[in-house]
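Got your viewer open and a selection box ready? Here is a short walk through a few spots, one selection at a time.

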Protein chains: 4
Amino acid sequence: MIKIGIVGGTGYTGVELLRILAVHPEAQVQCITSRSEAGVPVADMYPNLRGHFDLAFSEPDPAVLAGCDLVFFATPHGVAMRMVPELMAAGVRVVDLSADFRIKDLDTWARWYGMPHEAPEWAANAVYGLPEVARNAIRQAQLVANPGCYPTAIQLGFLPLLESGLVDASRLIADGKSGASGAGRQGKIGMLHGEVGESFKAYGASGHRHLPEIRQGLAAAAGQPVGVTFVPHLVPMVRGIEATLYAELTTADDFERLQGLYEDRYRDEPFVDVMPAGSHPETRSVRGANHCRMALHRQEDSKTVIVTSVIDNLVKGAAGQAVQNMNVMFGLDETLGLKAPALLP
Amino acid sequence: MIKIGIVGGTGYTGVELLRILAVHPEAQVQCITSRSEAGVPVADMYPNLRGHFDLAFSEPDPAVLAGCDLVFFATPHGVAMRMVPELMAAGVRVVDLSADFRIKDLDTWARWYGMPHEAPEWAANAVYGLPEVARNAIRQAQLVANPGCYPTAIQLGFLPLLESGLVDASRLIADGKSGASGAGRQGKIGMLHGEVGESFKAYGASGHRHLPEIRQGLAAAAGQPVGVTFVPHLVPMVRGIEATLYAELTTADDFERLQGLYEDRYRDEPFVDVMPAGSHPETRSVRGANHCRMALHRQEDSKTVIVTSVIDNLVKGAAGQAVQNMNVMFGLDETLGLKAPALLP
Amino acid sequence: MIKIGIVGGTGYTGVELLRILAVHPEAQVQCITSRSEAGVPVADMYPNLRGHFDLAFSEPDPAVLAGCDLVFFATPHGVAMRMVPELMAAGVRVVDLSADFRIKDLDTWARWYGMPHEAPEWAANAVYGLPEVARNAIRQAQLVANPGCYPTAIQLGFLPLLESGLVDASRLIADGKSGASGAGRQGKIGMLHGEVGESFKAYGASGHRHLPEIRQGLAAAAGQPVGVTFVPHLVPMVRGIEATLYAELTTADDFERLQGLYEDRYRDEPFVDVMPAGSHPETRSVRGANHCRMALHRQEDSKTVIVTSVIDNLVKGAAGQAVQNMNVMFGLDETLGLKAPALLP
Amino acid sequence: MIKIGIVGGTGYTGVELLRILAVHPEAQVQCITSRSEAGVPVADMYPNLRGHFDLAFSEPDPAVLAGCDLVFFATPHGVAMRMVPELMAAGVRVVDLSADFRIKDLDTWARWYGMPHEAPEWAANAVYGLPEVARNAIRQAQLVANPGCYPTAIQLGFLPLLESGLVDASRLIADGKSGASGAGRQGKIGMLHGEVGESFKAYGASGHRHLPEIRQGLAAAAGQPVGVTFVPHLVPMVRGIEATLYAELTTADDFERLQGLYEDRYRDEPFVDVMPAGSHPETRSVRGANHCRMALHRQEDSKTVIVTSVIDNLVKGAAGQAVQNMNVMFGLDETLGLKAPALLP
């Protein structure tokens, strides 16, 4: 059994980790920390866990964490980068669900996150944990930077196009939509049901923190810098991300090849499902599941390729992908604990 | 492996049976029937099942069904009563998720369902499948009538009060609220998102089909006829039932004993969770899970006991309870395939 | 033109007052106060008001308020009772939308609101502003206590039964359901979309602040103390309250007379709509409108009368009723500014 | 008073016309037709209209319609084109809310709507009723083709860019999102609350009927053919459309001029609100109102201009714009009956 620690477990990614690990046959949660809720049983805060965990939140204790095989960070940015070096020194493996180790260019990181990076050497060493791209590196990694939610849906949707060089990489558009759980579990007025319910809007349209992460991943796939515009939107629902992606084929004739290209690229991927061209993936088809479903579209004989891509922001966009990374890191079946179908309807 | 047939699989209880059985280690779905969708792969209709089932819907074939160990009926009322006798003769066991075999008084049944009952002998033999009441009978049963969704939440909430004789059984009130999936998957204008969304209303306030079923179950618990008023309401959400129950203590002093009474009654029940008095069970705390959570309340020193009880109408209120019944019938661990925590948030 | 001041305008009742007053032909908003948002144009916070108001929030200024004909308080409890005496002395009329002047028994008030009352003489003088009960008193009043949202829906639903003495007033049950805007516009975690969305629960089941207000109003109607149990619930929608009321007829034969009784009671009321017996009022049928719609139901020949009653919690349950009270106080047509139909769908 | 007829009044645009006309001081609804509901009072179907209309639905009667000053068609496509010629001959003016007269190229119309056009001479004469573009022509028109919902939000958002020639008109992208009422009030399984609720998806991504209408309008604004990709999405809410538009500046330096350009273009438009650059218009800010709100965005120094544009699909996207057109046609104040602020929250 892998001994698991979770740092910062009171948010939505924390409870989602617990939900998934509750039925994972090879993982045992040893501790889950929260300064503000120390002493509170996790099942008091999250009644869906009643009967599954006897655990209470505890103050973070370096000695206890150092005794774990794997520590997940489900903290706001800025926390993991301060605690990770000590865990690395202790030989503990870490999957960081926050943004601390996702961006390689630390000036960029500092600009978007408003603070200098405090663990630059580990930022350099961290493996960006998108298993569909970096499975082998993840297997060996001591520190995995778990991708953001939008970046997961958008990178998986664009990858085959960019890897194949069939589209103009300088003018990519990603129109993203997310449920409200993506904003976390903090008492912000703007995220009240009274504000979010029965309404729809864009946000961060002049620049969102996930943009540099998306750009970095797409550039790696393309083998060159990319130009990408990303506009996120808030959907009056709890879970789910949909991204509608637009790219321009350098030759319109290539469209017919794309379906095969996508199917080939993801044929062996357990968590990426390329639906028949023209399908419309729904976020509910991945609710609670670790899948990314996608489909290709073209309008008449246009050169514009459209990709629609859906994930559950808390699963493939956070806790599920973190457990997938854990499975890879520990040499387990990659789908262990992640096999249940999505909750539809 | 138990060989499973599902009759009428295109509705929400059908897909929910498949979702649960997809990861059940002892069950294998052999066939799933639908006259209207025969030939269509189930995963085309329900993309959450892509990768889980190769099965297509088929015309109901008596020979194929007769080769199953267990057949679930997920049909509108009136279908199972016509097909069950032949299956019974073939020695097949049946869990009927429809209303056909729930009511023992067939005049009552005929009045509420608008047709004469066509299998009266099997209506007499059928075991009403609320495992918390009839586990032993279910174990032996060839035909189990799976309870309705509201009746499950309401009976479980009232049972300890009625079995103990502490309340006036002649004036019980059950105020029920359900998500829209409870109305099934048929193209009714009244169930459009444009009609249901962002609104709340009672329906069936002058009499709902679940009333006689509730009355029958509560009378059995009380050992006498009961007077019960039941008003269902439609909530703008997909899944979940909450029932708020009101009963009057014959002696106000008895309130203090009630929490212990409830905890004792359900101590060994794997799927009933009595929360601390004063808790407020949320439907999301059971979303996708087979649990019923409940809590007791009193206002000042009133003689009125309040019980709030929640289930997922498609799980403990339908498909989950059906699988629980299957586990009981086949001597398996009752929680097999039903262990995953609810999806919260 | 009536010169209007609004104290505490940043919450949902504040913006709702502005929405209604924007098209009221006899009212002009002179000032709207907010300590935290002083200087911010109201249309920056509430873009639906762009083009309707040039006003900015301002620090509360006693001199400015004293220059108004009418001041609305849309503040948390505890604010109005401190400011009202000075306004009374200045001869300004006040409609207080908070709870400060609703309860006549100040010990009860202090117990439920956790502080001593600071303006007891005005609590005694205030008129409880339910126009369907106290129209004449409101006309003369200098200080009107605008009723709470649940109390409005519940009192209007029960009134004819209690005034007629046809039911047992000692055992009334009110099962209330409210959209999330009822909790106000404060950054509470429990009211996030991620917490409220796609879920349903009771809250305050052991006692809610609206209980003493409901009890006081029902007792006045009955001419005797009443026994009432009130359980509120949170619905995953923004606006709307539905209350399902249960009472027991002293003689079952009286049911037939009830429809006529209700229609007679409310025949001349512009904002109470008694639908045909057996109808199911929907909250959306009053969204944005000042109406209360209700209907009567009975199950078989039961002695239990069921009344379903709906309002928009922000309109008839707050700002609309406040403007109705203003119209009454200033001798205007009671429906002025309140004539537009509800927004359905 | 303008005598109004409404053909096909049972759908969402029909009830919305009634809601708006109920308080319009210069319009009187004489008849509202529905073959299927003939004889049913409109207030029985739409209880928000109780007390506002005594009218019942009636069979369409050419004589009665010919006696009206203005007839609105709120019918599925294919109906108006058969009835309009007779009304034109009778000198009646018509605003058609369906798609019958929106497209000038009738081969295109026939291809997208699956039938030949039956009134080609009137298709040629009809004025496309976007008042912000064609106010003068609308004033004189006998037949106005009321624009579609997406086309309204998208054209208004793109117009200043295209009229100014500052962007590459060959590669425009419009990512649209709509609430469920946009699909109308018919019993389609795909539009059930159980299917739409708590989920998000694209639809019609390979080509939607609004595409040729959008293309026609944008080409007229640009003075040349345009290349536009349009992907609509379904949002789990009832009302509202948001469109996020992407275009590429021919010179990046031009971005600074755009805000002024938009403000100038719409300065005198009563129903178009250009918010400060970087704002995020929400659909709720126009709920129930006839406004289109929009804002401009740029990411870093990109050449891509982003416009976010919101309307209420049933108001500025249908019935409200139809009444605006009526006001223009009859020489009334264009905002008559359309002045109330949106319902927020």
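**Stop 1: a charge over a ring**

Begin in chain D: select R93(D) and F330(D), and you will find the charged end of R93(D) over the ring of F330(D), 5.1 Å from the ring centre. Keep in mind as you go that this is a predicted model. Now move to chain C and select R93(C) with F330(C): there R93(C) lies over the face of F330(C), at 5.1 Å from the ring centre.

**Stop 2: aromatic pairs**

How many aromatic pairs does the structure hold over all chains? There are 10. One of them is in chain C, so to speak your next selection: W109(C) and Y113(C) form a stacked pair, 5.1 Å centre to centre with 25° between the planes. The angle falls under the 30 degrees that counts as stacked. Show helix α5 (residues 106-113) of chain C as a ribbon: W109(C) and Y113(C) are 4 residues apart in this helix, and therefore separated by about one helical turn. Are these two residues buried or exposed? Both W109(C) and Y113(C) are buried.

Hop over to chain D and select W109(D) and Y113(D), a stacked aromatic pair at 5.1 Å centre to centre and 25° between the planes. Their setting is helix α5 (residues 106-113) of chain D, where being 4 residues apart puts about one helical turn between W109(D) and Y113(D). W109(D) and Y113(D) are buried.

**Stop 3: a buried strand in chain B**

Next, select residues 292-297 of chain B, which make up strand β12. Why is β12(B) largely enclosed by the rest of the structure? Because 6 of its 6 residues are buried.

Turn on the side chains. In a regular strand, side chains alternate between the two faces of the sheet. Here C292(B), M294(B) and L296(B) point one way from β12(B), while R293(B), A295(B) and H297(B) point the other way.

**Stop 4: the neighbours of β12(B)**

Add strand β11 (residues 272-274) of chain B, which pairs with β12(B) in the parallel sense over 3 bridges. Label D273(B) and you will see it opposite R293(B) in β12(B).

Then add strand β13 (residues 304-311) of chain B; β12(B) and β13(B) pair in the antiparallel sense over 5 bridges. Which residue of β13(B) is the bridge partner of A295(B)? Label T308(B) to find it.

For the last selection, follow the chain from β12(B) into β13(B): the two strands form a hairpin with 6 residues between them. In the turn, pick E300(B), which has a positive phi of about 50°.

Terms used: Residues numbered from 1 in each chain as written. Chains lettered and ligands numbered in written order. Predicted model: local features only at pLDDT ≥ 70, side-chain atom pairs only at ≥ 80, totals over all residues. Heavy atoms only, no water. Buried < 20%, exposed > 50% of the residue type's maximum accessible area, 1.4 Å probe, protein only. Pairing = 2+ DSSP bridges. Phe/Tyr/Trp six-rings, centres within 6.5 Å; stacked < 30°, edge-to-face > 60°. Lys NZ or Arg CZ within 6 Å of the ring centre and 35° of its normal.
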